[in-house]
Structure formats: C-alpha cells, structure tokens
Amino acid sequence: MARLPLLASTATPVQRLAMLMLVVAAGLAGASLVIVPETETALVLRFGEPVRQSAAGIAWRLPFVEQVVRVDKRLIDVDLDRVQLTTADQQRLELDADARVRISDPVRMIQTAGTPDRLVEQLQPILDSVLRQELGQRGLAGVIAAERGPAMARVRASFDREARDYGVSVIDVRLKRVDLPEGAPLDAALARMVSAGQQEAAAIRAEGQKDAQIIRADAEGRAARTYAQSFGKDPQFYDFYRAMQSYDTTFAQKGSKTGIVLGPENAWLRQFRGPEPGK
Amino acid sequence: MVFGYPIPASRECPKEALSFAAGALITPAMNDPGTLDGPVEPEGGSSDAPGSEGVAEKAHPGNSLPGKTLPESPWLHHRAPHTNRPHRPASGWLHRLGFGADAGAKLRRFARQRPITSRSMVSLLAGGALVLWLAGTSLHRIGAQEQGLVTRFGAYQRTLGPGMAVTLPWPVEQLTSEDVTTIRHTTLPEGDGENLILTRDGGLVNCIFDVRWNLSSLARYRFSLADPERTVRDSAESVMRQTLAEHRLGEGLGSGRAEIEETARDRLQALLDRYHAGVAIAGIDIRRTDPPAKAIDAFRDVSAARQDADTDVTQARAWAAQMIAHADGEAAAFDKVYEQYRLAPEVTRRRMYYETMERVLSQTDKVIIGTPGVAPVLPLPALPLGPKPAEPPAGGAH
C-alpha cells in the first residue's frame, strides 16, 4: 500500500513534481477567483477597461490580465452639513440635508469618481447648489414646510439629473435640520417668543379678571332680585323691620360707646309718663 | 496483550521478546515456582519460536567452551508461556457489556492486526480535524430572538429562523445571525444639548425623543443600507422636523404631542420602507418638548397667568355664592316675620319695637330728659373716634 510521503525529503521526484503542481494550481485558483459579498458587485477590468460585471457569489478573472474592482450596491448617504441659506425674505437659515443615492452604473462611477468616498465628495457641491437654487426662492415659512409641497421632489429630480453623470441615481433628498444660525437671527426669534409669551400671559390674566367681575355682578343682580321679591311685599313694614335691624347693628353691640339723649316725646318712653288719662 | 498496547509481532523481533515484554509486567510469582532457581527450560508447545534461539544457553550447540557454561542471559530466557499467565476469564468486561463471550479475544486480535504507526496517527488527526471542521462550520444554533443569513461564497442564499441550522461547511456557506426581535432604542439628540426645531409660526421647540425599533427583515437590514443605524437616526430626525414644522408652537409644546408622535411614526416607517431598510418602527416617544431655555420664563409666566385667572374666577364664584345665600337667607327671614305680622300687624310691630329698644338702650349711655320745656346745657363729650378706655359717668337724671 503506497503511502503519501508527507515529508518532501522522502518523496520521489515524481511525487515532488506532483506536489509542486498542486501548489501552483492552488495559487492560480486563489488568484483568479474572487468572492463577492452580497452587498457589492464586482466589476472586471481588463487593462483598465471594464469587461463584465458580476453579481454576488464567485467572480472569476484571468489572473494577471484582468482586475476586479468591487463596488458597493447599497444605499449611500451624501450628507451636507451647515448649508447657509438666505431665504427670499432675507432670513438667514442653516440647513443640514442628506440624500440617499445608489450606484446604478458602476462603470461610470469608476470612470468618473473611482471610489465611493470620492464620489460623495464630488456629489456634495452639486447637492448644495441644487438646494440653494430651489429653496432660495422661498420665504422662511416655505423652507420650513419644504416637504409639504413639490420643492423637495424638484430638488431630487435636479440632483438626479446631475448625478447620472457619475453613474448614480438619487433615491431621495431630505432636510435633516433647519435652524436659525447663532447670533442675531436666533436671538430675534427667542425675543419674539418671549414677548409673545408675555402678551399671552397678560391676556389670560385680563380675561380671568373680566370673568370674575361678570360673575360678581351677576350674583349681585340675583340677590337684588331676591330682596325685591321678598321685601317688596310690604315696603312700609320692610322699612320698620329693616330700621330695627339697623338699630340693632349700630347701637346694640357690646363696647360701642354711644350716648343717647331721650327727650320727653320719645316713643319708647310713651308709657313711661304713666297711663293716658281715660285709658 | 498488556495494557492494550500490542507489541507488533510482524517485525523481525523474536517472539521471545514479545513474551518477555508481556511477562515483564507480570509478577514473577506467576512463574512456575519449581523453576525459580534455575533456567527455565522451554516447555515446548505453541510459544516456541520457529527458530531455535530460544533454547537455553546451557544446551547451545554453538557453545565452544567446554566445561564452562555461559552466564545466563536473561534475554534469552524463555519465560513462562502465556498459558501460565493467570487465566483471563473468557467472559470479560466486554461480555458483561453485552458483546459476545470471546469479544475480548477478538478485539485483541483485531488490534494486533491493525497496528498504529506514526503515519496512521497523522491520518487519525487529519480525520479528527475533518470532523471538527464539518461539525463546527456546518452546524449552527440560532437563538430564539435571532435570524440567520446564509451566504454561499458571499451570495445571499436564504434566511433561517431560530433553532438548529445545517449549512454547507465553511468556505462554501457561511451563517451570520443577529437579534431581530429585541427592541432597540435610539435617542435624539444624543448628549445633553438642546435640539431646537422651528414650528410653523416661527417658534422654537426643544424636542427630545426616543425611537423604538427592531428588525423586520435581517437580509434587507444587512444588504440594503451601508449604515443602517445612522440611516434610522437621520431619517427619524428629518421626519420629526418635518412633522413639527406643520404644527403651531402651542401644539408642539403640549397639546398635540400624541398626534405628532403618531404622524412621525407613520412617516418614518414609510420612509424606511422606501429604502428597503428591513426596519420596523415600534413607536416614537417624545420625552420633552419645551420652549428654548431663554424663553422658558415667559412660558412659565403663561402657565402662572392661567392659574391666576382660575383663582380669580374661583374667588368670584365663592363670593357670589355667599352673596346669594345671604340674600336668600334674609329674604326667608323677612318672609317668616311678615307672615306673623300679617296675622297681627299692630301687636307684632310694637313687640318688635320694644324688643329692639331693649337691646339698643341696654348697651348705650342714656340721658333722659323728662320735663318738657327744660333746655339743659349738656356737655357734649368729644366725638368718640374709637372705643374709650373707661366708662364715662352717666349724665344725671333731672
């Protein structure tokens, strides 16, 4: 039974040759097969010219003649930070926008930009100018509510047109932030908010007082009506009754030092003088 | 067989060596006691070597020294044959395990026929490595909350659910798994800063909110977006900004919170679906919506004003109730008295008069001038502007 010589020193020349050829074949296989992950496509270039494109899985190439360049298939972010914009009504704004793009034509992309990073760098100024063009025509309220109307759709369409030159298609463009820049614009807005708040507070207080007054007046009216209904039954008796109450309240409190001079004709002293003649 | 390590018998090594090695690990007491003193004569039988080297030295034909015996060489001794060894019962441990009665002997014979060389050690190791490789990279365990992605040479093949998974081994297929059902939190903004968002009427709201999400499709999550977490974060920020920009300041600050959360959630889900992100948004929770720090006093004042207004109204209501109750009470009292008066008008009137006078005059200082026509000079005391400390003397009665 022949056994594989594991040490070359014990191998016969034929066996040695076979092993060498095996190693070379393995090396060639390694050089000509490329594993392409699902997130990328592979572009095979021959002397710089693209020859074919392959999807995920195994891509093969002629080892020294062809090269494989891998291109990301996923959505790429093109971020634009701190775009200073002046609106149509002279308001300064600071925007953050971002766009999602996909490489639709890898050949084009390689030819124009080379790598995804450089691609993003080249797309950013284009996005900047497209945004300014569209949003600079609007007033502050229009920019804040930009997603409402067709503005962002137009931005996307223009950006897409320009980006096709780079082999890229634009999925959408969105405004991440719309801010008032630090300094005068922000302070002015805050001051406006403060004064609006103060006005609202004053209005609420006044309203409250008004309501209170109405309630009080209403209650007084009802009380007066009650009194009138009741006391109006006999105004003279009411006068007497009320006078008695009044004397009670005024003179009959302990500690009120009132002096009263009772003359001879005083009604209370009527019986004091003695019985009337004939009664 | 000794200790399971059979000594190769196929080489050209004397059978005696075999026997010796076998016997060397057996106590000498196992030898025939009668032969302890002298060399052991070959007893013949099956243990005899085919060659005659095992014969005792004494009778060696090649001994050319007459009258002198060569020293005994222990290596040439023919030790006790195997048959003298303690007899291993034919039914050993293998038999007890359930194999046949002579399974032990068969195994020994088999092992002796397939000796382990260094080469076969290597192939054993290689076989072990192969099994390990196959088992390690073909069998996978996917947790209860996870999904697994199988890629063949990088290309997406299929998604697997929880449990044991079998794939082709390593270079061909690979499995990556990730937790899909656990809900993840993203808080915007990160850190402690303010996050001022413009509302429709130009006001600013400091909005801090949480996004709760998990994965709906692991394949899409991994293969659609270059940076899915960042995409979720950026999209959430953009959607919240858009939603707040449609509401007025008052709604943003409090009254419209639930509606804003729901609108933002729906929009964010629609947006991520457009990107095929494989993300499911469980909900958006607004943790704080406040006015900006500099304007917060003014807004606190608004709340205070509301409270003041409420207090005013409440107080007025209390006063009003009191007044009406008082009026009702007085009217009722008058009505009662009036009824009595109606029954006997003059009597009631006089009675009331006298009663009141009693009460009044008992509390006051009185001066009675009984004689008509007398005009006394009464010293008027200083007009009392407050309660006097001592009682003044009563005026004399004339």
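## Contacts, cavities and strands in a two-chain model

In chain B, residues 24 or more positions apart account for 64% of the contacts with a separation of 6 or more, a contact being heavy atoms within 4.5 Å. This is a predicted model, in which local features need pLDDT of at least 70 and side-chain atom pairs count only at pLDDT 80 or more, while totals for chains, interfaces and linings use all residues. Residues are numbered from 1 along each chain as its sequence is written, chains are lettered from A and ligands numbered from 1 in the order in which they are written, and side-chain values use heavy atoms, without hydrogens and water.

Chain B has 10 helices and 10 strands; these are DSSP runs numbered from the N terminus, helices being H or I of at least four residues and strands E of at least two. Of the 398 residues in chain B, 32% are buried. Buried means under 20% relative accessible area, exposed over 50%, and partly exposed in between, with a 1.4 Å probe and protein chains only.

Two residues, one from each chain, are set side by side here.

| Residue | Location | Relative accessibility | Contacts beyond four places in sequence |
|---|---|---|---|
| Thr243(B) | helix 6 of chain B | 0%, buried | Ile260(B), Thr263(B), Ala264(B), Arg267(B) |
| Ser104(A) | loop between strand 7 (92–103) and helix 2 (106–112) of chain A | 43%, partly exposed | Arg164(A), Gly167(A), Val168(A), Ser169(A) |

Ser104(A) and Tyr166(A) are 62 residues apart in sequence, and their C-alpha atoms are 9.2 Å apart in space.

The whole structure holds three cavities of 30 Å³ or more. A cavity is a set of points, on a 1 Å grid over the protein atoms alone, where a 1.4 Å probe fits but cannot get out; lining residues have an atom within 4 Å of a point. Grid points are joined across faces, edges and corners, and a volume is the space filled by probe spheres set on the points. The largest cavity has about 60 Å³ of space. Its lining includes Lys176(A), Asp179(A), Phe209(B) and Glu237(B). Two or more lining residues come from each of strand 8 (168–179) of chain A, strand 7 (196–198) of chain B and helix 6 (228–244) of chain B. Strand 8 of chain A gives the most, with four residues. By class, the lining has six nonpolar, one polar and five charged residues. Here Ala, Val, Leu, Ile, Met, Phe, Trp, Tyr, Cys and Pro count as nonpolar, Asp, Glu, Lys and Arg as charged, and the others, Gly among them, as polar.

Chain A has an open sheet of three strands in the order 3-2-5, with antiparallel pairing; strands pair if DSSP finds at least two bridges between them. Strand 3 (49–54) and strand 5 (66–72) are the edge strands, each pairing on one side only. From one strand to the next the twist averages 30°. Seven bridges join strand 2 (residues 40–46) to strand 5 in the antiparallel sense, and Ala42(A) has Arg70(A) of strand 5 as its bridge partner.

Pairing also crosses between the chains: strand 9 of chain A runs parallel to strand 10 (residues 365–368) of chain B, joined by four bridges. Ile260(A) has Lys366(B) as its bridge partner. In a regular strand the side chains alternate between the two faces of the sheet. Along strand 9 (residues 259–262) of chain A, Ile260(A) and Leu262(A) point to one face and are buried, while Gly259(A) and Val261(A) point to the other and are not.

Definitions and conventions: On a 1 Å grid over the protein atoms alone, a cavity is a set of points where a 1.4 Å probe fits but cannot get out, and a pocket is an open set with protein on both sides within 12 Å along at least five of seven lines; lining residues have an atom within 4 Å of a point. Axes are lines fitted to C-alpha atoms, for helices over the stretch in contact, and angles run from 0 to 180 degrees between N-to-C directions.
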